[in-house]
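Student: I've got a new model open and I'd like to learn how to read it feature by feature. Can you take me through it?

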Amino acid sequence: MIKCRKEVNLLTPYIPGKPIDDVKSEFNLDDVIKLASNENPLGCSQSAKEAVILTLENPSLYPDGNCTKLRNALSKMLNQDGDNFIFGCGSDELIGLAGKTYISEGDEAITCTPTFSQYKAATVSMGGKIIEVPLKNHAYDLDGILKEINPRTKLIFISNPNNPTGTIVTKSAQEEFMKKVPSDILVVWDEAYNEYIDDPDFPDTLSIMKKYDNILLLRTFSKMYGLASFRIGYGIASKDIIGYMNRLRGPFNVSVQAQEAALASLSSFDFIKASFDLNEASKQYTYQKCSDLKLDYIKTYGNFIMIDCKLPSRELFDTLQKQGVIVRPGYYFGMDTYQRVTFGTLEQMQRFFELLEKELEKTIS
Ligand SMILES: Cc1ncc(COP(=O)(O)O)c(C=O)c1O
């Protein structure tokens, strides 16, 4: 047998939830809903779909490796120089590129736990060590991270809001933190859910980047814009950082379809508003249902919520899945009585809570 690199042996593959079609056939169901991967229940905008259809005219040409049209549009929208952008096959790819660019054997990256799993993979795959500081009250413990900094530290990964808990690092906490982080450590602020937040306490990372050039800001089109299947995310950082990362990026890493759909999505204002409003409505509905059922939950800033269902998460997950509702069980994150539930439509949330209520009633009777 041909041996792989020793770093590869330390990794485990990402285990996604079962696709809807698999659950349908395994449990003989017609109607299955997925509230497991923080996707947009409204799909994507009509103009994104139309833009993708137009690309089918010419599939034989490689995509624009520079993502020029999208780069120009984002550069105008966010008031950033075009050279400060990098585009990836999902922000996942950019997390991996940050590891490839900055981690050598023996280097360290710091994050909190539980958080998005790809920070660990990006570090360990390069022979680095990931330092995982436990969350404090379900939120990033920035003081805990600062205490772990040492000469081997190269990267700090912060999911803001945090997947899976939905908590945020506030604007003032971000400012205090950045003051204390040495300038030779790159801080990756992963704002995959940024578009769902309208709160003055949430950081304006683009503004603080004027003061600190050791920041890589990540955003994605997978969540609010509903383009998860096309795989496109972007990073913003200093030209030096982007220049290094570009040396490792595949030349045609973002498909034509992803670029065109993303471009059309940026100006799909009605769709964006509808997605934001639905997320808020589902959130308020969920808060109310949790309080009716006397269940604790973590106040969330994303399009998902951690609910303490007071039942072992694996069993509850299986029971819900058999009845056509797929969520993300808390044991994945070391939070065994919780379920992470993506905000769906109000009907979908109602279906989830009806099933949950039935299971809770069984424990009383
Ligand atoms: C915090 C966070 N970062 C990054 C990603 C990856 O998103 P993408 O689809 O852009 O790769 C996710 C996806 O769930 C996420 O939760």
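Tutor: Sure, domains to begin with: their bounds come from an automatic or database domain assignment. In this case the chain splits into domain 1 (6-44 + 269-364) and domain 2 (46-266). Keep in mind that this is a predicted model: local features need pLDDT of at least 70, side-chain atom pairs count only at pLDDT 80 or more, and totals for chains, interfaces and linings use all residues. Residues are numbered from 1 along each chain as its sequence is written.

Student: How many residues does each domain put into the contact?

Tutor: A contact is a pair of residues whose C-beta atoms, placed from the backbone, lie within 7 Å. The C-alpha centres of the two domains are 25 Å apart, and the contact draws 26 residues from domain 1 and 29 residues from domain 2.

Student: Which element gives the most to the side of domain 1 that touches domain 2?

Tutor: Elements are DSSP runs numbered from the N terminus: helices are H or I with at least four residues, strands are E with at least two. Here α12 gives the most, with 4 residues. Both α12 (269-292) and β9 (304-308) supply at least two residues of that side. By class, count Ala, Val, Leu, Ile, Met, Phe, Trp, Tyr, Cys and Pro as nonpolar, Asp, Glu, Lys and Arg as charged, and the others, Gly among them, as polar. The side of domain 1 that touches domain 2 then has 14 nonpolar, 9 polar and 3 charged residues.

Student: On to sheets. What is the strand order in the open sheet of 7 strands?

Tutor: Strands of a sheet pair through backbone hydrogen bonds, either parallel or antiparallel. The working rule is that two strands pair if DSSP finds at least two bridges between them. The order here is β2-β8-β7-β6-β5-β3-β4, with mixed pairing. β2 (85-88) and β4 (129-134) are at the edges with a single partner strand each, so one side of each has no neighbour in the sheet. For angles, axes are lines fitted to C-alpha atoms, for helices over the stretch in contact, and values run from 0 to 180 degrees between N-to-C directions. Neighbouring strands of this sheet are turned by 20 degrees against each other on average, direction ignored.

Student: Which strands does β7 pair with, and in which sense?

Tutor: Strand β6 (residues 186-190) runs parallel to β7, with 4 bridges between them. On the other pairing, 4 bridges join β7 to β8 (residues 233-236), and those two run antiparallel. Leu218 is a handy landmark: aspartate 190 has leucine 218 as its bridge partner in β7, and leucine 218 in turn has glycine 235 as its bridge partner in β8. Further along, β5 and β6 pair in the parallel sense over 5 bridges, with isoleucine 158 partnered by tryptophan 189 in β6. Strands β3 (residues 108-113) and β5 (residues 153-159) are also parallel, joined by 3 bridges.

Student: Are the residues of β7 buried or exposed?

Tutor: A residue is buried if 20 or more other C-beta atoms lie within 10 Å of its own, exposed if 12 or fewer, and partly exposed in between, with C-beta atoms placed from the backbone. In a regular strand the side chains alternate between the two faces of the sheet. For β7 (residues 215-220), 6 of its 6 residues are buried. Ile215, Leu217 and Arg219 point one way and Leu216, Leu218 and Thr220 the other.

Student: Why is β6 largely enclosed by the rest of the structure?

Tutor: β6 counts as largely enclosed because 5 of its 5 residues are buried. Both faces are covered, with Leu186, Val188 and Asp190 on one side and Val187 and Trp189 on the other.

Student: Which residues are closest to the ligand?

Tutor: A residue is near a molecule if its C-beta atom, placed from the backbone, lies within 6 Å of it. The ligand is surrounded by 13 residues, the closest being Gly90, Asp92, Asn163, Thr220 and Ser222. Helix α5 (residues 90-102) provides the largest share of this shell, 3 residues. The shell divides into 3 nonpolar, 8 polar and 2 charged residues.

Student: Where is tyrosine 332 found?

Tutor: Tyrosine 332 is in the loop between β11 and β12. It counts as partly exposed because it has 18 C-beta neighbours inside 10 Å.

Methods:
Two residues are in contact if their C-beta atoms, placed from the backbone, lie within 7 Å.
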